[in-house]
Amino acid sequence: MAQLTNDCFAAGDRLLPMEEALALIAARVACIVGTERVPLAEADGRVLGEPLTAGVNLPPFDNSAVDGYAVRFGDLSPADDTVLPISGRIAAGARPAAAETAGAVRIFTGAPMPAGFDTVFMQEDVVLEGPDRARLPKGLKRGANRRLAGEDLAAGALALPAGRRLRPADLALLGALGLADAPVRQRLRVAVLSTGDEVAAPGKPLRPGQLYDANRPMLAALLRRSGCTVSDLGIVPDRREAMHAALTEAAACHDLILTSGGVSTGEEDHVRATVESAGALTFWRIGIKPGRPVAMGVVAGSAFMGLPGNPAAAFVTFAFLGRALVARLAGEEFRAPEPVEVAAGFAYRKKEGRREYVRVRLTRGGDGRLRAEKHPREGAGVITSLTETDGLVELREDATGIVPGDPVGFYPYAVLY
């Protein structure tokens, strides 16, 4: 397991704009996992470990794109319909045929073009005059309905770059190139834990003053959707010895440790002291809301990230920072999601110099435009503000407010995990 240096997250004490925080992650965090080969059927969602080039042309030979009749374009009359004898028949899967002496060849989708033939008429445009003659309409362009060898991808060309998270369409491409397996990055191993005597595991009885742990199942799910192998280490009590044992044992067999809440200077918050004793810890003061300082550190060579304790703040900071960190550690070429423009359906004021993410649901106005309606409860601990909305509206640092009808950037939740 590759290890990180203790100073890789050092960032000073000033307020970091979002772009600068992402730039620090991109510049200082490198991939720490190796590469393995997996069958193509198991490669969906995995990160490609090396660039792949095409070993063959795609398609491998000139072929027909439709069911119809192949001809030599030079045999066609430019001014009138052309009647040609039907001189052969080629089905998909047949060997490439030698040149026919003349006429039109009945051909089917995917069948190889006979040598010298360069144009295909769709069968519905052809009128048969008896069993062996075809009337072909005028006006078709040379090369119509023909797929050339290598027009999709030429042999030797880059098929997919390293770092790409493979999608179903990518698997189609690799299958078409004849690959039965793919070199992918090993899954990032992440330990998730919660801290504090005030937190109880769901399903257990609550004692006075306790609340159920909401962040751990949410963060574990977000990590799995990011392609990680997740170890749920449960809830660690507020005792320094227990915290030290949990974090050092987790660091021995995980690439990243992720916590939420409990990283402060209070007498019962032992995470900070434990991380600092086994490595290093810094606080990134990110200029976002909901959110607050995010703890970034190293425990015995493994990355550590401490998110805010309120669920909405934990979600936002993971979506825009944690996801980028996971991607870099896992060897994925991360691209921050881009918002889509919708109309604001609410008025809002904010402080300049801070980026804010407003939880909204989408409606369609009478003018047909999508409108973002703000959830009525904004608190960072209001979980229903996540479950009853469709995504986040981003208000950037230079904005001080919006009024209904203003264009705003909208992130659907689906692009954030």
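Contact, as used below, means heavy atoms within 4.5 Å. Axes are lines fitted to C-alpha atoms, for helices over the stretch in contact, and angles run from 0 to 180 degrees between N-to-C directions.

The structure is a predicted model, in which local features need pLDDT of at least 70 and side-chain atom pairs count only at pLDDT 80 or more, while totals for chains, interfaces and linings use all residues. Residues are numbered from 1 along each chain as its sequence is written, and side-chain values use heavy atoms, with hydrogens and water left out.

**Exercise 1. The open sheet and its helix**

State the strand order of the open sheet of seven strands, and find which strands helix α5 lies across.

*Solution.* Helices (H or I, at least four residues) and strands (E, at least two) are DSSP runs, numbered from the N terminus. Two strands pair if DSSP finds at least two bridges between them.

Step 1. The order is β1-β19-β21-β22-β18-β14-β17, and the pairing is mixed. At the edges stand β1 (15-16) and β17 (229-236), each of which pairs on one side only.

Step 2. Within this sheet, β19 (residues 279-286) and β21 (residues 294-299) run antiparallel and are joined by six bridges. Leu281 has Gly297 of β21 as its bridge partner.

Step 3. Helix α5 (residues 271-278) lies across β14, β19, β21 and β22 (302-307), and runs at about 130° to β19.

**Exercise 2. Strand β7 and its neighbours**

Determine how β7 pairs with β5 and with β6, and decide whether its residues are buried or exposed.

*Solution.* Step 1. Strand β5 (residues 68-71) runs antiparallel to β7, with three bridges between them. Gly68 stands opposite Ile107.

Step 2. Strand β6 (residues 82-90) pairs with β7 in the parallel sense over four bridges. Here Arg89 is the bridge partner of Arg106.

Step 3. In a regular strand the side chains alternate between the two faces of the sheet. Buried means under 20% relative accessible area, exposed over 50%, and partly exposed in between (1.4 Å probe, protein chains only). Both faces of β7 (residues 104-107) are covered: Ala104 and Arg106 on one side are buried, as are Val105 and Ile107 on the other.

**Exercise 3. Salt bridges**

Give the number of salt bridges, then examine the pair Arg189 and Asp255 and the pair Arg323 and Glu332.

*Solution.* Step 1. A salt bridge is a side-chain nitrogen of Lys or Arg within 4 Å of a carboxyl oxygen of Asp or Glu. By this rule the count is 20.

Step 2. Arg189 and Asp255 meet in a salt bridge at 3.4 Å, N to O. Arg189 belongs to strand β14 (residues 189-195) and Asp255 to the loop between α4 (240-253) and β18 (256-260), so the pair ties together parts that are 66 residues apart in sequence. Arg189 is partly exposed at 33% relative accessibility, whereas Asp255 is buried at 2%.

Step 3. The side chains of Arg323 and Glu332 form a salt bridge at 3.1 Å, N to O. Arg323 is buried, with a relative accessible area of 11%, and Glu332 is buried at 8%.

Step 4. A network of salt bridges links Glu19, Arg355, Glu394, Arg396 and Glu397.
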